[in-house]
Amino acid sequence: MSDKEFDITIDGENFVSDKEGLLNLNEVAKKFNLKSPSQWRNKDSAYLIANAKLHSLSTKASGGAKVNYWAGDEDTVILYAQYISIEFTLKVIHAFKELRR
């Protein structure tokens with residue numbers, strides 16, 4: 001595990017970052033049945049993209065097909081949660097606080 005990698009549990013669901021410390025926002029959205037990160041189009045997401053905090057990445061699925069997803073660091077995950085709801089934001093903040101204990 002790299003220095004940036006982490007595991008986090010948000011409201012009972014576990015997620016693992018990549019080696020760069022980026023969390024797959026599409027996985028978070030899918031687990032909680034949230035709006036897709038690709039629908040997050042406002043000044044906040046534009047700022048995060050411009051400042052290399054929100055990343056459009058791709059990986060290969062088990063069948064070999066290319067799968068695109070959005071990933072971000074801790075700040076970006078919290079801001080994505082704010083885009084969703086105050087309730088989800090509090091769950092994400094609590095999860096990051098627990099991670100540091």
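**Close-up 1. Glu 13 and Lys 31 meet through their side chains in a salt bridge, with 3.5 Å from N to O.** A salt bridge here is a side-chain nitrogen of Lys or Arg within 4 Å of a carboxyl oxygen of Asp or Glu. This pair links distant parts of the chain, since Glu 13 sits in strand β2 and Lys 31 in helix α1, 18 residues apart. Helices (H or I, at least four residues) and strands (E, at least two) are DSSP runs, numbered from the N terminus. The structure is a predicted model, in which local features need pLDDT of at least 70 and side-chain atom pairs count only at pLDDT 80 or more, while totals for chains, interfaces and linings use all residues. Residues are numbered from 1 along each chain as its sequence is written, and side-chain values use heavy atoms, with hydrogens and water left out. Glu 13 is partly exposed at 27% relative accessibility, and Lys 31 is also partly exposed, at 48%; buried means under 20% relative accessible area, exposed over 50%, and partly exposed in between (1.4 Å probe, protein chains only).

**Close-up 2. A salt bridge of 3.2 Å, N to O, joins the side chains of Asp 11 and Lys 91.** Asp 11 belongs to the loop between β1 and β2 (13–16) and Lys 91 to helix α4, so that distant parts of the chain, 80 residues apart, are linked by the pair. Asp 11 counts as partly exposed at 47% relative accessibility, and Lys 91 is partly exposed with a relative accessible area of 35%. Side chains of opposite charge can pair when their charged atoms come close.

**Close-up 3. Arg 100 and Glu 74 form a salt bridge between their side chains, at 2.4 Å from N to O.** Because Arg 100 lies in helix α4 and Glu 74 in helix α3, the pair ties together parts that are 26 residues apart in sequence. Arg 100 is exposed, with a relative accessible area of 56%, whereas Glu 74 is partly exposed, at 25%. Elsewhere, Lys 53, Asp 73 and Asp 75 are joined into one network by salt bridges that share partners, and the count of salt bridges by this rule comes to 8.

**Close-up 4. Helix α4 (residues 86–100) has a buried side that includes Phe 88 and Val 92.** The helix has 15 residues and reaches 22 Å from its first C-alpha to its last, close to the 21 Å expected at 1.5 Å a residue, where the expected span is 1.5 Å times one less than the number of residues. Its buried residues are Phe 88, Thr 89, Val 92, Ala 95 and Phe 96. Seen down the axis of α4, these residues fall within an arc of 125°, so they line one face of the helix; the arc is that of the directions from the helix axis to the C-beta atoms. They pack against β1 (7–10), α1 (25–32) and α3 (74–84), with contact meaning heavy atoms within 4.5 Å.

**Close-up 5. The face of α4 turned away from its buried side carries the exposed residues Ile 86, Glu 87, Leu 90 and Lys 97.** Ile 86, found in helix α4, is exposed with a relative accessible area of 56%.

**Close-up 6. Helix α3 has as its buried residues Thr 76, Val 77, Ile 78, Tyr 80, Ala 81 and Ile 84.** What covers these buried residues includes β3 (23–24), α1, α2 (43–50), β4 (54–60), β5 (66–72) and α4.
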